[in-house]
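Trainee: I should like to learn how the features of a protein model are read. May we go through one together, beginning with its interior?

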Amino acid sequence: MKYVLVTGGVVSGLGKGVTASSIGVVLKACGLRVTSIKIDPYLNTDAGTMSPFEHGEVFVLDDGGEVDLDLGNYERFLDIKLTRDNNITTGKIYQYVLDKERRGDYLGKTVQVVPHITDAIQEWIERVAVIPVDGKEGPADVCVIELGGTIGATIYSRNNDNGILDAGDIESMPFIEALGQFSYHVGPGNFCLVHVSLVPVLNVVGEQKTKPTQHSVRGLRGLGLTPNILVCRSAKVLDENVKEKLLQFCHVPAANIITLNDVTNIWHIPLLLRDQKAHEAILKILNLQGVARQPKLEEWTDRAKLCDALHDPVRIAMVGKYTGLSDSYLSVWKVNMSSYQFMHTLMHEQALLHATVACHKKLVVDWVPSTDLEDDTAKEAPDAYKAAWNLLKGADGILVPGGFGDRGVQGKILAAKYARENNVPYLGICLGMQIAVIEFARSVMNLRDANSAEFDPDTRTPCVVFMPEGSKTHMGGTMRLGSRRTYFQVTDCKAAKLYGNVSYVDERHRHRYEVNPDMVPEFESAGLAFVGKDETGKRMEIIELPAHPYFVGVQFHPEFKSRPGQPSALFLGLIAASCGQLDALLQNPSHLSKPIPGRISSNGVFLPKVYQNGHQKGHTHMPAKSLVNGNYYSNANGVHV
């Protein structure tokens, strides 16, 4: 097994996750099998109980692991399926060691950070690295490890010019020590350290400054780790004299100094690494030159170019309560590559992007705070109320993602009502499905007090109830999590056809509440179709309004399995319905499988790789609205114009 460790220095948010993923893409394009591990030094066991304001959105794996959103990036870029053990946290390591101590595995020894914690970290890495993640037998060839946090960063005070370790360095220390030992343990030729650092450009003089990177590398060396490759984040390509200075003071060969400058979309990053022959440097360090081939990245090249060329917009209103902080719905927030935050665009937005590229459209996302749609806002902040409703009414389609708690729920219900009554394409995910059910009960079935037990435990008409197997005393890991099977109840529903006329589909879940199964007959009699259910037939998974152009709600999270070139079926349906393409696609769905998967066809349309669409009735074309006040995403970045 070969290991590539990716660390970061100077400041956080440089893009270690994208760099690690892109390294994996290039190595995979060289014919190697790649797996990934993310190390998060925080004490939490996993990301499941962390606030989206603290850490961004949680990513859910097939095995139910609630993990750091960087693992979602690995899965999307590398098209792999990771496990919960691919995300290592301080909490997991300490729990593992303490469990061994309680069992008496240490035979009376004093349990210490060194060697017991550091040994546990190394054992964990070696154990997880050999787990197949690409559907093939046997271990991967290379394991890419990302160490979260910032190494070599210092805080300077007026009275201390030597600097002190910041909090990120302190909590990372056991991992840094373990990885230093690990590099010696696996030996030369099996370990490559890639350090991502910042080379800022001072606006006053327009000069690239290397001092931050020099200090970062010096700090890294002081901790026992020596970088083999230096990846420099900068607004522009590094000047040759800057490379010379880094070579001199960081002791890294010029060929191993890579620039990741600002680009128009994140799909260019693997191409930047290839063009600067980063793969050759890595393969040389890992003694894989005779095994690997030249990287084949034609699909990535086509996709990146197509993203840059798209100009015909489709507007999607994203209605949520966390819209003041976009990280809360994320998988990689705001990848404005001209900022120092390299990549972090939300999972829903990535799924929307995959679908819009497949439909040859440019994504425009309007963030609509759900609280601003409510009547109280009309009284307290009429301008915000008017702006929110203008955004909603100007959208080609509406997406209501998942969430927890009752704040902003009434606004989401109003958004679902607007979509239902005005034939606007709608996709509700998790809570977005539940509020659509509540809205239908109140508006169509005249059950005015209909509600969810999550928001009103004493409601007389509980449309949504707490799942009986859930825990009300423990929060962590107690939801219905991971991949679950949904069986289609009818064959001619939109969802089944979008998935390719299959009888069932496996999607990932994360919820504590469900549609009240006792009320399902009433809903169905009123016209709401529950077209997907679990294996028992008692848990509702997919709803549709048959007479609506596209009104779909799902209990699961389809965004978790969306991939570049392989858009989620339901997101593809939303975008196609929103831009008037669904009928045309469904009239001749067989053409989707003819071109090379994920490539541009002869007519310039980027065609999806996997999911086919089915027939949709009653669709009316709704042209994309103007771009005023929109978030115009020219690519995978979320760059505003």
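Mentor: Let us begin with the nonpolar cores of this predicted model. The largest nonpolar core has 99 residues, and Val 4, Leu 352 and Leu 570 have the most contacts inside it. Helix α19 (residues 569–578) gives the most to this core, namely 8 residues.

Trainee: Which residues is Leu 570 in contact with, leaving aside its neighbours within four places in sequence?

Mentor: With that exclusion, Leu 570 contacts Leu 427, Ala 495, Leu 498, Tyr 499, Tyr 550, Val 552, Val 554, Phe 556 and Pro 558. Apart from the largest core lies another one, of 45 residues, including Val 424, Leu 431, Met 445 and Cys 463.

Trainee: How do these cores fit into the protein as a whole?

Mentor: The protein has 20 helices and 28 strands, and buried residues make up 60% of its 641 residues. Its accessible surface comes to about 25,000 Å², with 51% belonging to carbon and sulfur atoms. Among contacts between residues at least 6 apart in sequence, 73% join residues at least 24 apart.

Trainee: Why is α10 described as largely enclosed by the rest of the structure?

Mentor: The description rests on burial: 6 of the 8 residues of α10 are buried, so the helix is largely enclosed by the rest of the structure. The buried residues are Ala 278, His 279, Ala 281, Ile 282, Leu 283 and Ile 285. They pack against β1 (2–8), α1 (16–29), β9 (191–198), β12 (229–234), β13 (257–261) and α9 (269–275).

Trainee: What should one look for in the backbone?

Mentor: The general idea is that most residues other than glycine have a negative phi, and most peptide bonds are trans. Just after α10, Asn 287 takes a positive phi of about 55 degrees. Asn 287 belongs to the loop between α10 (278–285) and α11 (298–309). His 360 likewise is not a glycine, and has a positive phi of about 65 degrees; His 360 is placed in the loop between α12 (347–358) and β17 (362–369).

Trainee: How are Asn 287 and His 360 classed by accessibility?

Mentor: Asn 287 counts as exposed because its relative accessibility is 54%. His 360 is at 31% and therefore counts as partly exposed.

Trainee: Which peptide bond is cis?

Mentor: The bond from Val 114 to Pro 115 is cis, with omega near 15 degrees. Pro 115 is found in helix α5 (residues 113–129).

Trainee: How does one read the cysteines, and how many disulfides are there?

Mentor: A disulfide is a covalent bond between the sulfur atoms of two cysteines. Here the count comes to 0 disulfides, by a rule that asks for sulfur atoms within 2.5 Å. For Cys 359, the closest cysteine sulfur is in Cys 579, at 4.7 Å, which is too far for a bond. Cys 359 is buried, with a relative accessible area of 1%, and Cys 143 counts as buried at 0% relative accessibility.

Trainee: How is a pair of aromatic rings described?

Mentor: Such a pair is described by the distance of the centres and the angle of the planes. A search of the whole structure finds 13 aromatic pairs. In one of them, the rings of Trp 389 and Tyr 418 have centres 6.2 Å apart and planes at 75 degrees, so the pair is edge-to-face. Trp 389 lies in helix α14 (residues 382–393) and Tyr 418 in helix α15 (residues 409–421), so this pair ties together parts that are 29 residues apart in sequence. Both Trp 389 and Tyr 418 are buried.

Trainee: What is the geometry of the pair formed by Phe 488 and Tyr 499?

Mentor: That pair is tilted, with 6.0 Å from centre to centre and 45 degrees between the planes. Phe 488 lies in strand β22 (residues 480–488), and Tyr 499 in the loop between α17 (494–498) and β23 (504–511), so the pair ties together parts that are 11 residues apart in sequence. Phe 488 and Tyr 499 are buried. Elsewhere, Tyr 3, Phe 182 and Phe 191 form one aromatic cluster.

Trainee: Where do charged side chains sit over rings?

Mentor: Arg 127 lies over the face of Trp 124, at 4.9 Å from the ring centre. The charged end of Arg 303 sits over the ring of Trp 267, 5.7 Å from its centre.

Definitions and conventions. Residues are numbered from 1 along each chain as its sequence is written. This is a predicted model: local features need pLDDT of at least 70, side-chain atom pairs count only at pLDDT 80 or more; totals for chains, interfaces and linings use all residues. Side-chain values use heavy atoms; hydrogens and water are left out. Helices (H or I, at least four residues) and strands (E, at least two) are DSSP runs, numbered from the N terminus. Buried means under 20% relative accessible area, exposed over 50%, partly exposed in between (1.4 Å probe, protein chains only). Rings of Phe, Tyr and Trp (its six-membered ring) pair if their centres lie within 6.5 Å; planes under 30 degrees apart count as stacked, over 60 as edge-to-face and the rest as tilted. A charge sits over a ring if NZ of Lys or CZ of Arg is within 6 Å of the ring centre and within 35 degrees of the ring normal. Contact means heavy atoms within 4.5 Å. Accessible areas come from the Shrake-Rupley method with a 1.4 Å probe; for residues, only the protein chains shown count as cover. A nonpolar core is a set of buried Ala, Val, Leu, Ile, Met, Phe, Trp, Tyr and Cys residues joined through side-chain atoms within 4.5 Å.
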